[in-house]
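Please walk me through this structure, starting with a single residue and moving on to the space around it.

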Amino acid sequence: MDEIRNVIEGKAARLEQGDAEAILSYYAPTFVEFTLAPPLQQPGDGRDPAPLADWIATFAAPPRREVTRLEITTDGDVAFATSLDCLTAVPRGATESFSMWFRVTLGLRRIDGRWLITHEHESVPFEMDGSFRASTGLTPVG
């Protein structure tokens, strides 16, 4: 499980360095990706760092991603992990940072001896009061 933890924490560390290619090295060549941004499903092409690099460039400095409450389950060459993550960044042109907590589920496979991400799902809950607003102000409890 340490190898999987290193994949997840290493990916977060590479984000803070702004290294899109290094981040993608933790993914299988093709993967399923559901991120917070539209569309409903990203292309999941681990060979093209341009979209990720373009997103990182929308911030004054690379964002910081804190991985918390990480739970990992493995069975042979397949694993899944869940966490509550916090993204903190300053958008270009802004004077203040924002922080946003969100839920993450990862599917991983051991491929050629390395654990790689094959499925990633990020989400925030939405208000069930009919407004359908994303609940981006939530923080973990307890």
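Is Arg65 buried or exposed? In this predicted model, Arg65 has a relative accessible area of 14%. Buried means under 20%, so Arg65 counts as buried.

The residue belongs to strand β2. Two polar contacts involve the side chain of Arg65. One, at 2.8 Å, is with the side chain of Asp85. Another, at 3.1 Å, is with the side chain of Glu122. Leaving aside residues up to four places away in sequence, Arg65 touches Lys11, Ala12, Leu15, Asp85, Cys86, Leu87, Phe102, Val104, Glu120 and Glu122.

Next comes the empty space. Rolling a probe the size of a water molecule over the atoms reveals where such space remains. The structure contains 1 cavity of 30 Å³ or more, and the largest cavity encloses about 40 Å³ of space.

Arg65 is one of the residues that line this largest cavity; the others are Ile8, Lys11, Ala12, Val67, Ser83, Asp85, Val104 and Leu106. Asp85, a lining residue, is also the partner of Arg65 in the 2.8 Å polar contact. Lys11, Ala12 and Val104 likewise belong to the lining, and each of them is touched by Arg65.

Which elements supply at least two residues each to this lining? They are helix α1 (2-17) and the strands β2 (64-75), β3 (78-89) and β4 (98-111). Among them, α1 gives the most, with 3 residues. By residue type, the lining divides into 5 nonpolar, 1 polar and 3 charged residues.

Terms used:
Residues are numbered from 1 along each chain as its sequence is written. This is a predicted model: local features need pLDDT of at least 70, side-chain atom pairs count only at pLDDT 80 or more; totals for chains, interfaces and linings use all residues. Side-chain values use heavy atoms; hydrogens and water are left out. On a 1 Å grid over the protein atoms alone, a cavity is a set of points where a 1.4 Å probe fits but cannot get out, and a pocket is an open set with protein on both sides within 12 Å along at least five of seven lines; lining residues have an atom within 4 Å of a point. Grid points are joined across faces, edges and corners, and a volume is the space filled by probe spheres set on the points. Helices (H or I, at least four residues) and strands (E, at least two) are DSSP runs, numbered from the N terminus. Ala, Val, Leu, Ile, Met, Phe, Trp, Tyr, Cys and Pro count as nonpolar, Asp, Glu, Lys and Arg as charged, and the others, Gly among them, as polar. Buried means under 20% relative accessible area, exposed over 50%, partly exposed in between (1.4 Å probe, protein chains only). A polar contact is a pair of N or O atoms within 3.5 Å; within protein, one must be able to donate a hydrogen and the other to accept it, and residues adjacent in sequence count only if both atoms are side-chain atoms. Contact means heavy atoms within 4.5 Å.
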